[in-house]
Amino acid sequence: MTQSFSAPALPVTGLFTHKTYTMRRVTVFAGLAWLTVTTACSGAAGWYILSKDDLAARLITRETTRQYAYEDRITALRADIDRLASRALLDQDGVEARVDELATRQAEVESRQALVTALADTLQTGGITSSIKAPLRPRILKPEEPIRASGITSFAPIMPAKPMPAPDAPGLRGAETGKADTNKTDAGKAAPWLSGADEPQPQPPAQRVAAALTRLDRAITTTAGAQLAALKDMDESLADSQKRMRSALAEIGIDTDKMNPAGPVAGGTGGPFVPFKVDPSKGPFEATLDALQPRIAAVFRLRGLTEQLPLARPMAGDADFTSNYGYRVDPFTRGPAMHTGVDFRAEAGSPIRATAPGKVIVAEYNGGYGNMVEIEHSNGISTRYAHMSAILASVGQVVTTGTVIGRVGTTGRSTGPHLHYETRINEEPMDPTRFLRAGAKLAGRATL
């Protein structure tokens, strides 16, 4: 029997076992090395921390300081908020107090304006002064426009602007100043484009309110000054009128201080007498108004006297005299005689007018006077109009200055058509030219 022999098997298992063992040894060495390094680092760090324990303390101190800083900052911000809130309340109180003050001043200005307007109207109606432009009063806050604080620094608008329509398209910043060939600088270049940072920033609401109140304060002050100036203008005008009337009445040669002024004003006026009182110590306006009262009374008294005196001309136009008052040669006897009036040259039939208001006491033929009208005026003054061709007034008739009472003629002791005019005080004849010169002076005429 034949026995077969095979080749010996290779040690495969031994090879794999050797390789596996090799790989495990490398891994173990790497892990041991990593562990060694980590341990060394941990030990070094622990040693450093333990040896430098003040580092931890510094870290803790820094964090604590930062926390305290944050808390202090928050506390400071809260204090700022409280301070701003308190300031807003104080500002609100200040604004309300200022508005109340301005409202009080505005009421005083309006009251004074009423006095100035009443005085101006009175003087204009009496013909003493010309038209006086009364100062305009400033616009004050309306009741529906209160000033209230709605926040720390916000206030309601004081004077809302008039609403305007919105533009069709919003314009670009700098478009108006950057248009070509429209706005050029001195060097001939176009104006630079404005950026948002270059534009003026709007004022805070509190500043706008303060600025508006300041403008209103200035407006009230300006109006008060204009009212005081108006009173001073009235005083100057009254002084000129008083001087002019006194100078004119001095031409008459009678004591006007002893004459009674005009009686009550006609036209259905009246009421209880309540004296006007003003305290001159309150201010310049009141002091000026108080000083103005005596002058107003004096001027109105003189005005009333001039209106009652026969200062007007009995003939229209510039009729001259044919015979003056006083000594003359009698036209009939050719001897010396006393002429108790003046003779006006005039055409027959020319109208004869009353020279002052009064009542007709004679309207008839009276000897040498011919057809004569005599008018009784105030303060014992009377006027006579003689040689009329026609009498157009009747006894008891009340006439005013300028009323036609007759026509020029040559009745009575007369050599031709003319007007014989006399002025008498308590039945005593007085030179009529004195009254006529005073009237011409008041009217601004240089001659009779």
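Reader: Start with Arg 424. What does its side chain meet in a salt bridge?

Author: Glu 422. The N to O distance is 2.8 Å for another pair we can get to; for Arg 424 and Glu 422 it is 2.9 Å. Keep in mind that this is a predicted model.

Reader: Noted. Arg 424, buried or exposed?

Author: Arg 424 is buried, because its relative accessibility is 10% and the cut-off for buried is under 20%.

Reader: And Glu 422, buried or exposed?

Author: Buried as well. Glu 422 has a relative accessible area of 0%.

Reader: Which residues do shared salt-bridge partners join into one network?

Author: Glu 251, Arg 437 and Lys 441.

Reader: How many salt bridges does the count come to?

Author: Twelve. Among them is the pair of Asp 235 and Arg 295, at 2.8 Å from N to O.

Reader: Where do Asp 235 and Arg 295 sit in the chain?

Author: Asp 235 is in helix H3, residues 205–249. Arg 295 is in helix H4. They are 60 residues apart, so the pair links distant parts of the chain.

Reader: Why does Asp 235 count as partly exposed?

Author: Because its relative accessible area is 25%. That falls between the cut-offs, under 20% for buried and over 50% for exposed. Arg 295 is partly exposed too, at 27%.

Reader: Give me another pair. What does Arg 384 meet in a salt bridge?

Author: The side chain of Glu 374, at 3.4 Å from N to O. Arg 384 lies in strand S8, and Glu 374 in strand S7, residues 371–376. The two are ten residues apart in sequence, so the salt bridge ties those parts together.

Reader: Is Arg 384 buried or exposed?

Author: Buried, with 13% relative accessible area. Glu 374 is also buried, at 5% relative accessibility.

Reader: Stay with S8. Which strand does S8 pair with over three bridges?

Author: S10. Strand S8 covers residues 381–391, and the pairing is antiparallel. One of the bridges puts Ala 390 opposite Arg 407 in S10.

Reader: What about S5? In which sense do S5 and S10 pair?

Author: Antiparallel, over three bridges. S5 spans residues 351–353 and S10 spans 404–408. Ile 352 has Gly 406 as its bridge partner in S10.

Reader: Helices now. Where does H4 bend?

Author: At Gln 293, by about 25°. A proline, Pro 294, follows within four residues.

Reader: How many residues does H4 have, and how far does it reach?

Author: H4 has 25 residues, 284–308. It reaches 36 Å from its first C-alpha to its last, close to the 36 Å expected at 1.5 Å a residue.

Reader: Which residues of H4 are buried?

Author: The buried residues include Phe 285, Leu 289, Leu 292, Ile 296, Val 299 and Leu 302. Charged and polar residues are on the list too, including Glu 286, Thr 288 and Gln 308.

Reader: Why look at spacing in a helix?

Author: An α-helix has 3.6 residues a turn, so residues three or four places apart point the same way.

Reader: Now H5. How far does it reach?

Author: 17 Å from its first C-alpha to its last, close to the 16 Å expected. H5 has twelve residues, 432–443. Its buried residues include Pro 432, Phe 435, Leu 436 and Gly 439.

Reader: What follows H5?

Author: Gly 444, with a positive phi near 85°.

Reader: And phi of Arg 334, positive or negative?

Author: Positive, near 60°, in a residue other than glycine. Arg 334 lies in the loop between strands S2 (326–329) and S3 (336–339). Arg 334 is exposed, at 61% relative accessibility.

Reader: Where is Asn 426 found?

Author: In the loop between strand S11 (418–425) and strand S12 (428–430). Asn 426 has a positive phi near 55°. It is exposed, with 57% relative accessible area.

Reader: Last one. Which residues form the nonpolar patch on the surface?

Author: Val 28, Phe 29 and Leu 32, with about 300 Å² of accessible area together. Val 28 sits in helix H1, residues 12–51. At 47% relative accessibility, Val 28 is partly exposed.

Key:
Residues are numbered from 1 along each chain as its sequence is written. This is a predicted model: local features need pLDDT of at least 70, side-chain atom pairs count only at pLDDT 80 or more; totals for chains, interfaces and linings use all residues. Side-chain values use heavy atoms; hydrogens and water are left out. Patches are made of residues with over 30% relative accessible area and no salt bridge: like charges are joined within 9 Å, nonpolar side chains (Val, Leu, Ile, Met, Phe, Trp, Tyr) within 5 Å. Accessible areas come from the Shrake-Rupley method with a 1.4 Å probe; for residues, only the protein chains shown count as cover. A salt bridge is a side-chain nitrogen of Lys or Arg within 4 Å of a carboxyl oxygen of Asp or Glu. Buried means under 20% relative accessible area, exposed over 50%, partly exposed in between (1.4 Å probe, protein chains only). The expected span of a helix is 1.5 Å times one less than its number of residues. The bend at a residue is the angle between axes fitted to the seven residues ending there and the seven starting there. Two strands pair if DSSP finds at least two bridges between them.
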